[in-house]
Amino acid sequence: MPKEPAHRAGVVALLGRPNAGKSSLLNRLLGEKLAIVTAKPQTTRGRLLGIVTRPDAQLLLVDTPGFLAGSRPLEMAMQAASEEAAADCDVALLLVAPMPGFEPIHAEWLARLAERRKPVLLVATQCDRPEAGRSVWPPPGVHGHAGALRVSARTGEGIEALVARIVSLLPEAPAFYPADEITDRPLRFLVAEAVREAVFESLAQELPYRMAVDVVDFDESDPALTRIRANLLVERDSQKRIVIGRGGEQIKAIGIHARREIERLLGRQVHLALWVKIDPDWLRKPKRLKSLGYC
Ligand SMILES: Nc1nc2c(ncn2[C@@H]2O[C@H](COP(=O)(O)OP(=O)(O)O)[C@@H](O)[C@H]2O)c(=O)[nH]1
Ligand SMILES: [Mg+2]
């Protein structure tokens, strides 16, 4: 009898600059929207695990905020997420967007991963975009990777080839999670992220980066309607006024966006109450960042 192919499983780190397309790729690989995606960089905070189960393999995909600089507690936690994901993975994906393409920081990460003896796949993302067509991939002179591929999270191009390549690099191991689980994060955290995504969609510029979302009530006792209460944390009264908007218009728009997304996530009707709270220190307190799930 022919031998059954081995089952493979392991941790796959998604590394790259902010806006490389890490969260979009995670969602595409999962076939489901788990991570929030926006046109603004650095919307992902902390690590997010997405679990892809196939008959022959289980991929534990770790989304990260991306390579960043900065010395404030939230920025340091976001940087640490990339370092930890790189240290703990079995396979690393180094994602490079068509613009500006491969840069010295990517070479640095290739070297760092080689030092740790991690197999790296160089992934050119967003290959559906017109500016992706002209570049040579991988760039001449770039070595030290286990393969270079092009993908589009939008069209699905190259995704199957990427999965096959990842699986071939994973160690032989049984599945770590049941087949129907797609993340290790509690639903509460995904709900908070959905609200944060709505904040990014509704508010301009800097403010979303200075805000956090804390789900304080999650009541599923009525099977027909889940009641959720979340606090939007801001640092100052002036920010609170912007988030609420004239006559409450802004917070209403955020609530409508967020509720739609949460209902999709839960597959149930939701009543969502949002409150804006002033918490001047949330960005500075590591303990608070932990309780919010950002590290
Ligand atoms: N055209 C196109 N745009 C993409 C693709 N993947 C991501 N994007 C866009 O690029 C931006 C950043 O994507 P995101 O996944 O949040 O990047 P991250 O910061 O690395 O997680 C968003 O506006 C996405 O819609 C893709 O495959 N094709
Ligand atoms: Mg992201």
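Reader: Quick one to start: in what sense do strand 8 and strand 9 pair, and over how many bridges?
Author: Strand 8, residues 225-234, runs parallel to strand 9, and the pairing covers 10 bridges. Bear in mind that this is a predicted model.

Reader: OK. Which residue is opposite L233 there?
Author: That's K277, in strand 9.

Reader: What's the strand order in that sheet, and is the sheet open or closed?
Author: The sheet is open and has 3 strands in the order 7-8-9, with mixed pairing. Strand 7 (212-219) and strand 9 (269-278) are the edge strands; each has a single partner strand, so one side of each has no neighbour in the sheet. From one strand to the next, the twist averages 20°.

Reader: Which strands does helix 5 touch?
Author: Helix 5, residues 187-202, packs on the sheet and touches strand 7 and strand 8. Its direction is at about 130° to that of strand 7.

Reader: And helix 6, where does that one lie?
Author: Helix 6 (residues 237-244) lies across strand 8 and strand 9, at about 155° to strand 9.

Reader: Switching topic. How many residues of strand 4 are buried?
Author: Strand 4 spans residues 91-96, and 6 of its 6 residues are buried. V91, L93 and L95 cover one side, while A92, L94 and V96 are on the other.

Reader: Why do those residues split over two sides like that?
Author: In a regular strand, side chains alternate between the two faces of the sheet.

Reader: Which strands pair with strand 4?
Author: Strand 1 (residues 8-16) pairs with strand 4 in the parallel sense over 5 bridges, and L15 has L94 as its bridge partner. Strand 5 (residues 120-124) also pairs with strand 4 in the parallel sense, over 5 bridges. There, L95 stands opposite V123.

Reader: How does the chain cross from strand 4 to strand 5?
Author: The chain goes through helix 3, residues 104-115, in a right-handed β-α-β crossover.

Reader: Now the largest nonpolar core. Which residues touch the most other members?
Author: V12, A13, A92 and V123, out of 71 residues in that core. Helix 5 gives the most to this core, with 8 residues.

Reader: Which domains does the core draw on?
Author: Domain 1 (8-169) and domain 2 (187-291), with at least three residues from each.

Reader: Last one: what does V12 touch?
Author: Leaving out residues up to four places away in sequence, V12 touches L59, L60, L61, V62, C89, D90, V91, L93 and I166.

Terms used:
Residues are numbered from 1 along each chain as its sequence is written. Chains are lettered from A and ligands numbered from 1 in the order in which they are written. This is a predicted model: local features need pLDDT of at least 70, side-chain atom pairs count only at pLDDT 80 or more; totals for chains, interfaces and linings use all residues. Two strands pair if DSSP finds at least two bridges between them. Helices (H or I, at least four residues) and strands (E, at least two) are DSSP runs, numbered from the N terminus. Axes are lines fitted to C-alpha atoms, for helices over the stretch in contact, and angles run from 0 to 180 degrees between N-to-C directions. Two residues are in contact if their C-beta atoms, placed from the backbone, lie within 7 Å. A residue is buried if 20 or more other C-beta atoms lie within 10 Å of its own, exposed if 12 or fewer, and partly exposed in between; C-beta atoms are placed from the backbone. A crossover is right-handed if, with the strands pointing away from the viewer, the path from the first strand over the helix to the second runs clockwise. A nonpolar core is a set of buried Ala, Val, Leu, Ile, Met, Phe, Trp, Tyr and Cys residues joined through C-beta atoms within 7 Å. Domain bounds come from an automatic or database domain assignment.
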